[in-house]
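User: Please take a close look at the salt bridges of this protein. I should like to know where the partners sit and how far they are covered, set against the rest of the fold.

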Amino acid sequence: YFPTRASLLAAVCSAYAARWSAGADAAVAGAPTEREAIARLIDYWLDSHDHEDIRIFWQVLALTSYDELDAQEVQRRHDDDLIRSVATRLRAMHPDLGQSEAARRAAIISSLVDGAGLFLGAGRPARRGLRGLRADVRTTALALADAPPETPARRR
């Protein structure tokens, strides 16, 4: 019993976000290193593009969050939690990595993996010339995770 369509959509989206997050937590559990945890998270994330129900959930959330404040809040909370989690792992890998730089890297990794979902997943035939995209996205995201912290001179 939901007072508005927006509250119903927010409840559905919250349930799927929680399900996705629980799967991600299970995927990284027991990882021997923070880098391996990030790699497992990326693999889980890329693999989730193959699950039609998860893909539909992200599409519904993206569409409803344009004008539904409840859905915007669900998406913001999920994105913030994910970025915070990846940034924390990045800082554990690189103790000299600043909080802001770690958050930016985490956001770039998130954007890269989420964006790959436009070309991967759920019954879509592989586009010509894009075979190997999943591996390339994984390699690129991990290269960003492995990169040493910026020095003040590199920031300019």
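Analyst: The answer below begins with the overall fold, turns to the salt bridges, and ends with the helices and a pocket.

The model is a predicted one. The protein consists of six helices and has zero strands, so that the order of elements from the N terminus reads α-α-α-α-α-α. Of its 156 residues, 33% count as buried. Among contacts between residues at least 6 apart in sequence, 67% join residues at least 24 apart. The exposed surface of the protein amounts to about 9,300 Å², and carbon and sulfur atoms supply 56% of that area.

The count of salt bridges comes to nine. Three of these are described here, among them pairs within a helix and a pair between distant parts of the chain.

One of them joins R40 to E36, with 3.2 Å between the closest N and O atoms. Both residues belong to helix α2, which covers residues 34-48. They are four residues apart, about one turn of the helix. R40 has a relative accessible area of 26% and E36 one of 30%. Because partly exposed residues are those between 20% and 50%, R40 falls in that class, and E36 does too.

Helix α5, residues 99-116, holds another pair, E101 and R105. Their side chains meet in a salt bridge with an N to O distance of 2.9 Å. Here again the spacing is four residues, about one turn of the helix. E101 and R105 are both buried. Each thus has a relative accessible area under 20%, because that is the cut-off for the buried class.

R104, also in helix α5, forms a salt bridge with E150, the closest N and O atoms being 3.8 Å apart. This pair links distant parts of the chain, since E150 lies in the segment after α6 (133-146) and is 46 residues from R104. The relative accessible area is 25% for E150, which is partly exposed. For R104, also partly exposed, the value is 41%.

Helix α5 itself has 18 residues. From the first C-alpha to the last it reaches 26 Å, close to the 26 Å expected at 1.5 Å a residue. Its buried residues comprise the salt-bridge partners E101 and R105, together with A102, A106, I109, S110, V113 and A116.

Helix α1 offers a further view of a single helix. It covers residues 5-28, and its 24 residues should span 34 Å at 1.5 Å a residue. The C-alpha atoms at its ends are 35 Å apart, which agrees with that expectation. Buried positions in α1 are A6, S7, L9, A10, C13, A17, W20, A24 and V28. Just after this helix, G30 takes a positive phi of about 80°.

Three of the buried residues of α1, namely W20, A24 and V28, also help to line the second largest pocket. The other lining residues are S21, D25, L41, H78, D81, L82, S85 and R89. Helices α1 and α4 (69-93) are the elements that give two or more residues to this lining. The space in the pocket is about 170 Å³.

To return to the request, the pair E101 and R105 is buried, whereas R40, E36, E150 and R104 are partly exposed.

How values were computed
Residues numbered from 1 in each chain as written. Predicted model: local features only at pLDDT ≥ 70, side-chain atom pairs only at ≥ 80, totals over all residues. Heavy atoms only, no water. Salt bridge = Lys/Arg side-chain N within 4 Å of Asp/Glu carboxyl O. Buried < 20%, exposed > 50% of the residue type's maximum accessible area, 1.4 Å probe, protein only. Contact = heavy atoms within 4.5 Å. Areas by Shrake-Rupley, 256 points an atom, 1.4 Å probe, with all protein chains shown as cover. Expected span 1.5 Å × (residues − 1). 1 Å grid on protein atoms, 1.4 Å probe; cavity = no way out; pocket = protein on both sides within 12 Å on 5 of 7 lines; lining within 4 Å. Points joined across faces, edges and corners; volume = space filled by probe spheres on them.
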